[in-house]
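This report describes how the helices and strands of one protein chain are arranged. Please keep the structure in view while reading.

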Amino acid sequence: MDTSPHLVSDVMTRAVVAVGRKALFKDLVERMEQYKVSAVPVLEGDGRVIGVVSEADLLPKEEFRDSDPDRTTQLHRLADMAKAGAVCAEELMSTPAVTVHADAPLAEAARIMALRHVKRLPVVNVEDVLEGIVSRGDLLKVFLRRDNDLADEIRRDVLDVLFPAPDEPVHVTVVSGVATLTGRVQDATRIPLAAGLVRGVEGIVGLDCRLTGDDGT
């Protein structure tokens, strides 16, 4: 039986393409192309993450290659102008790096990506040493879980806990990630709790809650 991947460590990629602070511009481009990644962590000698170089950090060199920006543009885009003249990782990297810990919930990683507008996060330990990397695609892997596994988890971790009595048969089916709950329960006040817990199961896309209380509510 599949188990729900709740943490970053459950979905992250452990083999990471990384560079040192002195990696040259062309080497960065070649690595991104070779390994089909859009960003690489920059490491100190002990493996500590000190920054990240992304495709966005490399593009100013091409953007300003043949241009002579006016003073207003220069003042408003000082960082990009500096990166246009950069030749190695330490001059190009965004620092401090936006990272996440391996034991962080997947929802936390998703929030960080959304708020910081990044596509991938280096995964580090308490000393900021690189342990892996997690991408948007990795976070979406939970939606590949099988319907039967999702139903088993809901039954075991939600329904059997909230509605354990044998005279309270509550049924769950999952089709294409959408869970349907049916049945009549003695304590109708637990229905909203059950619905919330089911929605929180990793891989659930939607919920159709048809549970009612003994009094028909």
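Two residues are said to be in contact when heavy atoms lie within 4.5 Å.

## Overview of the Chain

The structure is a predicted model. Its secondary structure comprises 10 helices and nine strands. Of the 217 residues in the chain, 41% are buried. Considering contacts between residues at least 6 apart in sequence, 59% of them join residues at least 24 apart.

## The Sheet of Strands 7, 8 and 9

Strands 7, 8 and 9 make up an open sheet of three strands, arranged in the order 7-8-9, and the pairing is mixed. Strand 7 (170–175) and strand 9 (206–213) are the edge strands, each of which pairs on one side only. On average, neighbouring strands of this sheet are turned by 10 degrees against each other, direction ignored.

Strand 7 pairs with strand 8 (residues 178–185) in the antiparallel sense, over six bridges. Within this part of the sheet, V174 has A179 in strand 8 as its bridge partner.

## Helices Packed on the Sheet

Helix 9 (residues 147–162) packs on this sheet, where it touches strand 7 and strand 8. The direction of helix 9 makes about 150 degrees with that of strand 7. Helix 10 (residues 191–199) lies across strand 8 and strand 9 and runs at about 160 degrees to strand 9.

## The Contact Between Helix 9 and Helix 10

How do helix 9 and helix 10 cross? Their axes come within 10 Å and cross at roughly 170 degrees. Helix 9 is therefore roughly antiparallel to helix 10, since angles over 145 degrees count as roughly antiparallel. The crossing of helix 9 past helix 10 is right-handed.

Which residues make the contact? Helix 9 contributes I154, V158 and L162, while helix 10 contributes L193, A194, L197 and V198. Sorted by class, the contact of helix 9 with helix 10 contains seven nonpolar residues, no polar residues and no charged residues.

## The Sheet of Strands 1, 2 and 3

A further open sheet of three strands has the order 1-2-3, and its pairing is mixed. Strand 1 (19–20) and strand 3 (49–54) stand at the edges; each has a single partner strand, so one side of each is left without a neighbour in the sheet.

Strand 1 and strand 2 (residues 39–43) run parallel and are joined by two bridges. G20 stands opposite L43 of strand 2.

Methods
Residues numbered from 1 in each chain as written. Predicted model: local features only at pLDDT ≥ 70, side-chain atom pairs only at ≥ 80, totals over all residues. Heavy atoms only, no water. Pairing = 2+ DSSP bridges. Helix = DSSP H or I, 4+ residues; strand = E, 2+ residues; numbered from the N terminus. Axes fitted to C-alpha atoms, helices over the stretch in contact; angles between N-to-C directions. Parallel < 35°, antiparallel > 145°, perpendicular 65-115°, else oblique. Left-handed = near helix turned anticlockwise from the far one by under 90°. Nonpolar A, V, L, I, M, F, W, Y, C, P; charged D, E, K, R; others polar. Buried < 20%, exposed > 50% of the residue type's maximum accessible area, 1.4 Å probe, protein only.
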